[in-house]
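Visitor: I would like a close look at a single part of this structure. Please take one helix, go through it, and then move on to the aromatic side chains.

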Amino acid sequence: DAPDARREEYAFADVLAAADRNEIAAGAAAACFESACWERAYELRDAATSAVHRTHKAAELSAEADALEREAGTWSLIWFLLGDGAVAERENAASEADAREVMRARQTLGGDPASVYDTGVENPKPTPPPLSARVRMAARDEENDPVTFRIGRIVAWLEGATRAALERAGDVDHEFEFADNECARRETANALDARATTDGRGASLSRALDPDGPTRTRAGLHPTNADGETRLLRAVWRLVRGGMIDGARELCVRAGQPWRAASLGGGV
């Protein structure tokens, strides 16, 4: 077994040996290094918890775990910029460009890209791809715009790091647990029906319950609704940071704020 001190270095050596034997691709090595760092960091966190009565030792172990987690983030960035993450993005970009070219050629000859039938009438100016597709393809065009391509890879890395953090939190993270229509502002409506005028925390109770009502009237919601909305916004922000826009929209609908889901979707 590897000695406890710097055990991850032995794992790194195993990865390099596997790459030398062509058992893993060079582009995958960074992900293996990242996993080795995380695994050792988990071990150190457990050891620090066990050494809670030895304050100095626990602090040393926690500091080493922090350093390994930062190193894991660096290896993850390398994977996205130079490893298989970049390779996959190049392949996906090429596939989308090829598909769009096939659609353009079919339209030029009088075909409908959404149908198997041809009109027989040539169309020298086919409909361009949607704006979202054109922006996406421009950002993925490494040959003509390598800077934007790398920026996109960095954004993907940041989103991936956030998703990984959410996955590591697992069942201990209750921030995303909402009852159906929990944030629909019913308690505020009931308080208004009961002729309440304050929110119970020193502010006026909002009589406007449309999405912008409390902000526009500079008034508050019922404490239950105010706390629920704060929690919802925190959860939505974490999902958006992780690139999970669809998940954030679904959460808004489930929590009783479909208007917020529409806003996140660009008003669609």
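Guide: In this predicted model, the buried residues of helix α4 are G85, A86, E89, A93, E96 and Q107. The cover over these buried positions includes α3 (55–82), α5 (131–139) and α6 (146–169). Helix α4 itself runs over residues 84–108, 25 residues in total. From the first C-alpha to the last, α4 reaches 36 Å, close to the 36 Å expected at 1.5 Å a residue. After α4 comes G110, which has a positive phi, near 100°.

One of the helices covering α4, α3, also leads to the aromatic side chains, since W75 lies in helix α3. Five aromatic pairs turn up when the whole structure is searched. One of them joins F12 and W75: the ring centres are 6.1 Å apart and the planes stand at 80°, so this pair is edge-to-face, the class for planes over 60 degrees apart. F12 belongs to helix α1 (residues 7–20) and W75 to helix α3, so their pairing ties together parts that are 63 residues apart in sequence. F12 has a relative accessibility of 13% and therefore counts as buried, the limit being under 20%. F12 and W75 also share one aromatic cluster with F33.

A ring elsewhere has a charged partner: R231 lies over the face of F178, 4.0 Å from the ring centre.

Technical notes: Residues numbered from 1 in each chain as written. Predicted model: local features only at pLDDT ≥ 70, side-chain atom pairs only at ≥ 80, totals over all residues. Heavy atoms only, no water. Helix = DSSP H or I, 4+ residues; strand = E, 2+ residues; numbered from the N terminus. Expected span 1.5 Å × (residues − 1). Buried < 20%, exposed > 50% of the residue type's maximum accessible area, 1.4 Å probe, protein only. Contact = heavy atoms within 4.5 Å. Phe/Tyr/Trp six-rings, centres within 6.5 Å; stacked < 30°, edge-to-face > 60°. Lys NZ or Arg CZ within 6 Å of the ring centre and 35° of its normal.
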